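The exercises below take a reader through a structure step by step, each one with a worked solution. Please keep the sequence and the structure in view while you work.

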Amino acid sequence: MIKKINKTLAAIAISAAVASVAGVAQAADTIKIALAGPVTGPVAQYGDMQFTGAKMAIDQINKKGGVNGKQLEAVVYDDACDPKQAVAVANKIVNDDISFVVGHLCSSSTQPASDIYEDEGIMMVTAASTSPDITDQGYEMIFRTIGLDSLQGPTAGKFIAEQVKPKRMAVIHDKQQYGEGIATAVKNVVEKAGIDVALFEGVTPGDKDFSALIAKLKKEKVEFIYYGGYHPELGLILRQSAEKGLKAKFMGPEGVGNKDISAIAGKASEGLLVTLPKSFDKDPENAQLVAAFKAKGEDATGPFVFPSYSAVQIMADGMKATNSENPVKVAKTLRSQTFKTPTGNLAFDAKGDLKDFSFVVYNWHADGTKTAVSE
Amino acid sequence: MPESVYYFIQQLLNGLTVGSTYALIAIGYTMVYGIIGMINFAHGEVYMIGSYIAFAVLAALAMMGIDSVSLMLVSAFVISVIITSTYGFAIERVAYRPLRNSNRLIALISAIGMSIFLQNYVRLAQGSRDIAMPSLITGGWAFGPEDGFQATVSYMQLIIFVVTFVSMSALTLFISKSKMGKACRACAEDLGMTNLLGIDTNKVISLTFVIGAALAAVAGVLLGIYYGVINPYIGFMAGLKAFTAAVLGGIGSIPGAVLGGLILGVTEAFTAGYFSSEYKDVVAFSLLILILLFKPTGILGKPEVEKV
């Protein structure tokens, strides 16, 4: 019993300490925004896109006088796209008394972290996680400025069924929440369209040798392969398929669509089909913003740069509209209004997803560039 | 021949290639264990460093405008083996020698620490992104029906078989015939006694680490070029698989490490080829458990006499 009382006392003491720290932090005249995503690890380049976009938004908002008379301040947290580290980062953000988070990147990191933010009343906007499960929980503090797998999968599936029309195809995924989710969606759509899915199989992320799988794909005589996952594995699959004489066309989600896939696969990446969010940097309305990125020597072409910019902007707009930095109030406002951003006019549904977001199919080239196939 | 025969041959070749690479790395584990009874968990990272040095050499040569494939290969091998061996030597000196007379568990923890250190050291120095290596040797043979399933073997696969076989034979000869090899075997038998008889056991142990690191460097160069992608994390998985191969074949036995590697590789390829690649690790590790249940010392391992 005494032990229990001691624990309670300790808890009270700790929360008092936290509260006093919180008091100090709120007295400062900046509004901190946590940018959570991979700074390190194999998908760090996607993290860079996210940070580039968000930091630009923070800079520009600050130049225009900030929000409610206060400046925004970016604080970067590295989750390395590791669910365990994401939880640690989320707890750190809670301890650092930050109320607004842009992140995380990988769906498998965003999911566990979002539980913590919801419990602690912290507003989180992800600009990159596309797993439907994240917003399916009906959380009030969680938003996203990008489309869902459940949207990207059907887009890809529809394209395969209507434009490619293969007789036999295979669907491969990396057994992760993101990859398997999209792969399953694609499989369901193409099977409804009467395409024979000869193979639906998972590979282990981090594997280097896919020769056994490629031999199997060759034996099954598939004409088309959809891969749900990220570029390190697909790059190797493409490269080894070319070496082993597998003549099939490949397609993947936005997780494979970056220049590294061309570095890994070389010529074998030519003609790969990728579904990506619309290239916001090609939109004439964003020319000024693209020039601002160029002036800072930053790359504005990544798929998550503009959604991250919008994520920061809607937070700032929400704070301005409510004239407060209370994340709960801001979250309520976001659901009731439409915001004009570089990624279009954003409005959120009850789950925190965008009411309207479309993916576009691109043809990837060996030099790391892409051309749109469908609009 | 029917198509299914070609398919079988293809999967066998795939398995043997992967198995050879496991074997090359497994030799390093097994040698160290055979002599000082310690599992060098940093060995996978040594392999990774070998890959990075090969990449640095190739990049430097490309910058100097040298594009002769044989010269690039030879210099990548030579420089990587020399520098990686130095790493192997230094790791033993810094992390294991001071702990040699303490509890085995302490040396094991030191090895895990070393592994984490090396991984992060390369990550900080080189960045965590995937680095693409140029494919120096392309092409190969294809056989089978023109319109049906064709089995393929690339030149690179052949090189991997040959290098593994040559390295293993040379090492076996060295251990069984040379004077230094005899000293190695003596150390494996009884380290304390060998020392008393006037053999410099420190030198023998250093040599073991150098040989293990050199072979890991060979594997690093070969696999870096074969798969074409390296990152600071490749050592972990490769080390784990190689360690499994060493245990499967009987840790402490060099032919056992090669046999274990090949069995592991072929099992994985057949599971992926005839069943599903999702289950290849499950089947491979179930096999390990089964073999250890019936033969706890591994396939070629000698039962260890309990020293009192």
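Helices and strands are here DSSP runs, numbered from the N terminus, with at least four residues for a helix and at least two for a strand. The model is a predicted one.

**Exercise 1. Locate Thr204(A) and decide whether it is buried, exposed or partly exposed.**

Step one is to find the elements on either side: Thr204(A) sits in the loop that runs between strand S7 (196-202) and helix H8 (211-219) of chain A. Step two is to apply the cut-offs, by which a residue is buried with 20 or more other C-beta atoms within 10 Å, exposed with 12 or fewer, and partly exposed in between. Thr204(A) has 14 other C-beta atoms within 10 Å, and it is therefore partly exposed. As a last step, take the distance to Ala127(A), which is 77 residues apart from Thr204(A) along the chain: the two C-alpha atoms are separated by 26 Å.

**Exercise 2. Compare the surroundings of Ala80(A) and Lys165(A), two residues with positive phi.**

Begin with the backbone: Ala80(A) has a phi of about 55° although it is not a glycine, and Lys165(A), also a residue other than glycine, has a phi near 50°. Next, place them in chain A, where Ala80(A) belongs to the loop between S2 and helix H3 (83-95), while Lys165(A) belongs to the loop between helix H6 (149-164) and strand S6 (168-173). Finally, count the neighbours: Ala80(A) is buried because 22 other C-beta atoms lie within 10 Å, whereas Lys165(A), with 14 such atoms, is partly exposed.

**Exercise 3. Find where the cis peptide bond that leads to His104(A) lies.**

The bond in question runs from Gly103(A) to His104(A), and its omega is near -10°. His104(A) itself is found in the loop between strand S3 (100-102) and helix H4 (107-120) of chain A.

**Exercise 4. Work out the order of the strands in the open five-stranded sheet of chain A.**

Reading across the sheet gives S2-S1-S3-S4-S5, with parallel pairing. The edges are strand S2 (71-78) and strand S5 (142-144) of chain A, each of which pairs on one side only, and from one strand to the next the twist averages 25°. To look at one pair in detail, take strand S1 (residues 30-37) of chain A, which pairs with S2(A) in the parallel sense over eight bridges; Ile33(A), for instance, has Ala74(A) in S2(A) as its bridge partner.

**Exercise 5. Judge how compact chain A is for its length.**

Chain A contains 13 helices and 14 strands. Its radius of gyration is 22 Å, close to the 21 Å that the globule rule gives for 375 residues, so chain A is as compact as a globular protein of that length. Of these 375 residues, 52% count as buried.

**Exercise 6. Describe the side of chain B that touches chain A.**

Start with the contact itself, in which 27 residues of chain B meet 30 residues of chain A. On the side of chain B, the elements giving two or more residues are H1, strand S3 (151-154) and H10, and H1(B) provides the largest share, five residues. By type, this side divides into ten nonpolar, twelve polar and five charged residues.

Notes
Residues numbered from 1 in each chain as written. Chains lettered and ligands numbered in written order. Predicted model: local features only at pLDDT ≥ 70, side-chain atom pairs only at ≥ 80, totals over all residues. Contact = placed C-beta atoms within 7 Å. Nonpolar A, V, L, I, M, F, W, Y, C, P; charged D, E, K, R; others polar. Pairing = 2+ DSSP bridges. Axes fitted to C-alpha atoms, helices over the stretch in contact; angles between N-to-C directions. Rg over C-alpha atoms; globule rule 2.2 N^0.38 Å.
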